[in-house]
Structure formats: C-alpha cells, structure tokens
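The following note sets out points on the structure for a colleague's consideration. Each point is kept to a short paragraph.

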Amino acid sequence: RSLEVDLRRAAANGEFEVYYQPVVAVPTRQVVGHEALLRWHHPVRGRIPPDHFIPLAEEIGVIEPISEWVLAQACAVAAARPEVGRIAVNLSAGQFTSRRTNLVQQICAALAASGLPPGRLELEITETMLLKDTDAVLATLHALKGLGVSIAMDDFGTGFSSLDYLTRFPFDRVKVDRSFIHTLAHENPLVLRALNELCRAFSMHVTAEGVETEQQYRAVIASGYTEAQGFLFGRPEPRFSSVPRPPR
Ligand code: G
Ligand code: G
Ligand code: MN
Ligand code: NA
C-alpha cells in the first residue's frame, strides 16, 4: 500500500499541520482554549482526514513520532500565546501501550522544551483506550495528572459502560459527543441536561461538542453546560482564534 510508504515519510516531508479549534465559555462565547487537530496534506491525494490515517499510523507503528510532533508543535505555539488559553491534544491508544517510549516522560519533555505551564495542557483520551490493561492505563493517567496536566474523556457516550469509567478514571473533563448534542438538543433536552449533571456529580468539567446551530446552542445553555465547541464558534484552522465572536 503506497499510502503506508507515504505516511512514513509525511513528517519528514513537512506534510503535517496542526489545526486549532476554539473552545468557548457558555454563554459568553469567550474563547477559553483550543483543541489541536492533526491534518495531513498529501502531495497527490490532497487532504487526508485523521480518521483515515491515524488508524493506519497505529497499525504500521509510526503513531509515536507523529504524536510526539503534534504535542511538541501544539505546546510550542501555545506557550508563545498565553491568551489562547488551554490547549487540548488528542492521545492515541498506541501511546498508552508503547514499550518504546514512556508517555509520561514524553509529555514531561514537551512541557519542559516549550515552557508551557502544565496547567494549560489537556490530554484527550477515548473510552476505547481504557478497555485494555486497565491498571496500567490508570497508573499512567495518575502519573500524567501528577505533572499538573488535565485529562479529558473525549467522545463521551459513544463507547461502552461510560458510567463505570467515570467512577474509575480520574478525568478532569468530559466532552459530550456531538451525536448527543445533535439529537438530544431537539429531541430530549432533559437528557442533555441530565448528562451534564451526571458529569458534574463526578466533579468533572463538561464540554458540549459539535455545536453547529443557534438552536443547539440554546439547548446547551439551557442545560447548564459551561463550555462548548463546534462549527458555530469556529472551525479547526491553522491558527488560533483568540477573538471571541459577538453573539448574533
Ligand atoms: O479533526 P477531525 O475532527 O477530522 O478529527 C477526526 C478524529 O481524529 C477525531 O477523533 C480526533 O480526535 C482525531 N485526531 C485529530 N488529531 C489527532 C491527533 O493529533 N492525534 C490523535 N491520536 N487523534 C487525532
Ligand atoms: O473526536 P474528536 O472530538 O477529537 O474530534 C473532533 C472532530 O470533530 C474533528 O474532526 C472536528 O473537525 C470535528 N468537529 C468539530 N466541531 C464540529 C461540529 O460542530 N460539527 C461536526 N460535524 N464536526 C465537528
Ligand atoms: Mn478530541
Ligand atoms: Na469528540
């Protein structure tokens, strides 16, 4: 598969870019942080979405250098711009299971090299990363928290036994998946509220993901969410959007 060969060379060829999507405070829309999202500009095939190449990168064992590059990049640009707020970086399953690199050391090194205060870095993980080797993952999460970074559970609600994870893992934040925001905002706003209150009951911060319309945003506000992310506030872009959008 030629895509595989291309992926191995993509980093060295400078084909990767980190985009940043704003996260806003509810209801002010003030930008409180950004999520770093990796983009691959393939010289022939054009843009390849991360959903396509990240699983491949895991499979062929190049996810670590790529993830390390994203982390270093995001930390460095965020360190130079305190006003852009918190910076969230997605972790991949391979980073937890690797025997070659130690994730905690890697994060520690990225913080040291960039000078980014640990409190500004948030690491996003998904439920599927918690399925295997639970004790090892738990130990890693506690060690990461020991560095002063925060941990967010991404795509909440799309996996299995979510409730169990909330009791066992030390998340600082839960990001409610956009599929829930989209359907519940108009079909069942009571559940949208209950989801927020559930996470709050575990002392976790909550972010409503994938807010695309004013109607969805009204439901998010009414349900008591304090942070939101989505195309309504800003798309992932190659630079930070530190200017809050005025309410319409
Ligand atoms: O940016 P977009 O919404 O297309 O991202 C699609 C998926 O790819 C999301 O699940 C997101 O978490 C994941 N993703 C984006 N950037 C990174 C990255 O740097 N590392 C990992 N592991 N996943 C990423
Ligand atoms: O899985 P994760 O939440 O890490 O990935 C974020 C993904 O969601 C990115 O691919 C990003 O482009 C996408 N995204 C962000 N905001 C919205 C939105 O409002 N609507 C939709 N459909 N996708 C969004
Ligand atoms: Mn994410
Ligand atoms: Na998500």
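1. In what follows, a residue is taken to be near a molecule if its C-beta atom, placed from the backbone, lies within 6 Å of it. The structure is a predicted model. On that criterion, ligand 1 is surrounded by Leu37, Leu38, Pro49, Pro50, Asp51, Ile54, Ser67, Val70, Asn90, Leu91, Ser92 and Pro236.

2. The shell around ligand 1 comprises 8 nonpolar, 3 polar and 1 charged residues. Helix 2 (50-59) is one of the elements that supply at least two of these residues, together with strand 2 and helix 3. The largest share, 3 residues, is that of helix 2.

3. Ligand 2 has 15 residues around it, and those that come nearest are Asp154, Gly210, Glu212, Gly230 and Phe231. By class, the shell around ligand 2 divides into 4 nonpolar, 5 polar and 6 charged residues.

4. Which residues have the most contacts inside the largest nonpolar core? They are Ala36, Ala74, Val89 and Val220, in a core of 64 residues. Helix 3 (residues 63-79) gives the most to this core, contributing 7 residues.

5. Ala36 merits a separate entry. Apart from neighbours within four places in sequence, Ala36 is in contact with Val18, Tyr20, Val70, Ala74, Ile87, Ala88 and Val89. Among these partners, Val70 also belongs to the surroundings of ligand 1, and Ala74 is listed with Ala36 among the core residues that have the most contacts.

6. Strand 1 and strand 2 run antiparallel and are joined by 9 bridges. Within this pairing, Glu17 stands opposite Arg39 of strand 2. The hairpin formed by the two strands has 5 residues between them, and Arg29 in this hairpin takes a positive phi near 70 degrees.

7. The loop between strand 1 (16-25) and strand 2 (31-42) also contains Pro27. A cis peptide bond joins Val26 to Pro27, with omega at about 5 degrees. A colleague inspecting the backbone may wish to view this peptide bond together with the phi of Arg29.

8. Strand 1 has a further pairing, with strand 9 (residues 227-229), in the antiparallel sense over 3 bridges. Here Val23 stands opposite Gln229 in strand 9.

9. Two further residues other than glycine have a positive phi. Asp155, in strand 6 (residues 150-156), has a value of about 55 degrees. Ser203 has a value near 60 degrees and is found in the loop between helix 9 (189-201) and strand 8 (205-208).

10. Are Asp155 and Ser203 buried or exposed? Asp155 counts as buried because 20 C-beta neighbours lie inside 10 Å, and 20 or more is the criterion for that class. Ser203 is exposed, since 8 other C-beta atoms lie within 10 Å, and the exposed class covers 12 or fewer.

11. A final point concerns Thr183, which is placed in helix 8 (residues 178-187). Thr183 has 12 C-beta neighbours inside 10 Å and therefore counts as exposed. Thr183 and Gln216 are 33 residues apart in sequence, while their C-alpha atoms are 9.2 Å apart in space.

Note on methods
Residues numbered from 1 in each chain as written. Chains lettered and ligands numbered in written order. Predicted model: local features only at pLDDT ≥ 70, side-chain atom pairs only at ≥ 80, totals over all residues. Core = buried A, V, L, I, M, F, W, Y, C linked by C-beta atoms within 7 Å. Helix = DSSP H or I, 4+ residues; strand = E, 2+ residues; numbered from the N terminus. Contact = placed C-beta atoms within 7 Å. Nonpolar A, V, L, I, M, F, W, Y, C, P; charged D, E, K, R; others polar. Pairing = 2+ DSSP bridges.
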